[in-house]
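Trainee: Could you take me through one part of this structure slowly? I'd like to see how the strands and helices there fit together, and what sits around them.

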Amino acid sequence: MNCLVRKGANDFPLSRLRNLSRFSYLLNMNICCIGAGYVGGPTMAMIAHKCPKHKVTVVDIDAKRIGAWNTGPLPVFEPGLDEIVHKARGKNLFFSTDIDTAIREAQMIFISVNTPTKMYGVGAGKASDLQYVEACARRIADVARDDKIVVEKSTLPVRTAESVRAILSSHKEGPRFQVLSNPEFLAEGTAVRDLENPDRVLIGGDPTVAGQAAVNALVEVYATWVKREKILTTNLWSSELSKLTANAFLAQRISSINAISALCEATGADVDEVAHAIGTDSRIGPKFLKSSVGFGGSCFQKDILNLVYLCEHFGLPEVARYWEQVVTMNNHQKHRFTQRIVRSLYNTVANKRLAVLGFAFKKDTNDTRESPAIYVCKDLLAERAKVAIYDPQVTAERVSIDLGIKDLAAGGVDVCADPYEAAKGAHALVICTEWDEFKSLDFGRIYDNMLQPAFVFDGRNILDLAKLRELGFTAFGVGKSNGE
């Protein structure tokens with residue numbers, strides 16, 4: 001495709017990207033995204049859906065994942081995503097394992113690969129592992145034949161763009177690259193809604209003429225459906241740091257209310273009432289004040305630990321300890337919840353069947369990364385409990401991987417087809433994910449099929465504990481007086 005850049009009545013071939021300052025926006029681009037995961041897949045699907053003039057190709061080395069994007073069921077569960085993918089796939093949205101061709105043909109390349117916490121060497125347990133990002137940069141540098149705009153979509157430490165740019169510029173006589181930062185602010189379970197109507201889109205770039213022209217090129221992509229006032233532009237470093245800071249602030253609020261939940265249980269206060277009372281203060285607001293068994297997901301813990309590492313690296317130990325406490329409190333909340341279960345079940349759960357409802361880290365997603373349910377199940381299994389798990393979107397294969405148990409049955413784990421099967425013969429129900437369907441279960445039927453006395457431990461505070469007690473349950477919530 002001979003893509004053109006238009007400014008007024010003059011057309012320029014996009015291959016002359018070093019002349020970016022000569023035009024204001026790009027038409028009919030080839031866009032490539034390296035990484036077909038929870039960010040890359042939905043984001044590119046939305047761009048293809050909203051920008052039919054652009055050809056969008058999502059590439060990945062995982063052939064099984066690409067096959068799922070092409071034929072279904074999709075590897076990422078998000079409400080509304082299937083419909084968007086179906087409308088654009090094969091028209092201007094493509095999924096492929098041919099990474100080199102996609103790179104060569106693209107004018108704009110998104111890097112959207114995993115950046116897990118590094119578990120080896122310098123920075124182990126805190127720093128981000130950037131090996132996949134570096135591999136992408138090197139592949140682009142080796143394969144590209146003309147100038148490109150390279151967009152960081154993965155969550156990255158501050159000044160990663162500097163490293164990416166150094167790798168891309170390693171071939172002195174090769175093509176030129178403009179590196180942009182465009183962090184994602186998606187909440188899993190609402191990703192399609194967040195993409196369609198975002199709070200903001202953040203784009204960071206160089207202050208040079210060419211850098212700002214590249215920023216404008218990406219602005220024009222989003223401006224197809226996002227209001228201009230919601231598209232924020234900064235320098236590269238501010239954009240990279242903003243993503244880490246946003247997640248740190250949100251996680252901090254959750255850990256703060258969870259810390260108060262322990263005090264509520266000790267004093268007889270109700271954490272939901274406390275959260276409502278402080279949330280009506282306009283200076284505080286009501287969001288992210290829902291106490292629970294703890295936060296999970298791929299971003300919060302990883303990004304906070306990365307922030308801690310950066311603070312330590314730049315000689316700010318007091319700041320590092322401040323943010324590290326957010327993760328410490330979250331881990332404490334998960335173990336505190338499990339300890340409450342054991343203590344309430346007469347200080348032993350050995351050989352007792354416990355029905356764990358929910359394994360994803362939150363409702364409306366099949367993502368289990370850092371899910372509190374994993375830690376709760378591991379703690380219960382360490383106490384020699386028999387764990388029966390039900391989640392509407394998480395497979396037995398995923399449970400096996402996350403718990404590190406190849407033979408689930410031999411390991412004391414039963415993955416069930418519905419919540420009633422999980423609860424049959426159980427001593428207790430343990431709510432770990434706030435799936436809406438759990439609110440409308442027939443708890444009378446469940447009670448009749450459980451061993452007595454029957455317990456409920458609501459780790460998400462989604463159930464009416466008073467009604468459960470009327471049915472005969474001994475019911476506990478997080479940050480609740482629990483009828484004691």
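Mentor: Let's begin with a term we'll need: a patch is made of residues with over 30% relative accessible area and no salt bridge, and nonpolar side chains are joined into one when they lie within 5 Å. Keep in mind that this is a predicted model. Here, Phe-314, Leu-316 and Val-319 make up a nonpolar patch on the surface, and together they have about 270 Å² of accessible area. Phe-314 sits in the loop between α11 (300-313) and α12 (317-344). Is Phe-314 buried or exposed? Exposed means over 50% relative accessible area, so Phe-314, at 52%, counts as exposed.

Now follow α12 over to the sheet. Six strands form this open sheet, in the order β14-β13-β12-β15-β16-β17, and their pairing is parallel. At the edges you'll find β14 (413-415) and β17 (474-477), each of which pairs on one side only. If you ignore direction, neighbouring strands in this sheet are turned by 20 degrees against each other on average.

Let's zoom in on one pair of strands. β12 (residues 353-357) and β15 (residues 428-431) run parallel and are joined by four bridges. One to look for starts at Val-356, whose bridge partner in β15 is Val-430.

So what about the helices here? α12 lies across β12, β15, β16 (455-458) and β17, and runs at about 170 degrees to β16. Helix α13 (residues 372-382) packs on the sheet too, where it touches β12, β13 (386-390), β14 and β15. The direction of α13 makes about 160 degrees with that of β13.

For a contrast with Phe-314, take a look at Asn-258, which belongs to helix α9 (residues 236-267). Buried means under 20% relative accessible area, so Asn-258, at 0%, counts as buried. Leaving out residues up to four places away in sequence, Asn-258 touches Ser-291, Ser-292, Gly-294, Met-329, Gln-333 and Arg-336.

One last stop, in another pair of strands: β7 (residues 108-111) runs parallel to β8, and four bridges join them. Ile-109, for example, has Val-150 as its bridge partner in β8. Five of the five residues of β8 (residues 148-152) are buried, so this strand is largely enclosed by the rest of the structure. Lys-148, Val-150 and Glu-152 point one way from β8, while Ile-149 and Val-151 point the other way, and all are buried.

Terms used. Residues are numbered from 1 along each chain as its sequence is written. This is a predicted model: local features need pLDDT of at least 70, side-chain atom pairs count only at pLDDT 80 or more; totals for chains, interfaces and linings use all residues. Side-chain values use heavy atoms; hydrogens and water are left out. Patches are made of residues with over 30% relative accessible area and no salt bridge: like charges are joined within 9 Å, nonpolar side chains (Val, Leu, Ile, Met, Phe, Trp, Tyr) within 5 Å. Accessible areas come from the Shrake-Rupley method with a 1.4 Å probe; for residues, only the protein chains shown count as cover. A salt bridge is a side-chain nitrogen of Lys or Arg within 4 Å of a carboxyl oxygen of Asp or Glu. Helices (H or I, at least four residues) and strands (E, at least two) are DSSP runs, numbered from the N terminus. Buried means under 20% relative accessible area, exposed over 50%, partly exposed in between (1.4 Å probe, protein chains only). Two strands pair if DSSP finds at least two bridges between them. Axes are lines fitted to C-alpha atoms, for helices over the stretch in contact, and angles run from 0 to 180 degrees between N-to-C directions. Contact means heavy atoms within 4.5 Å.
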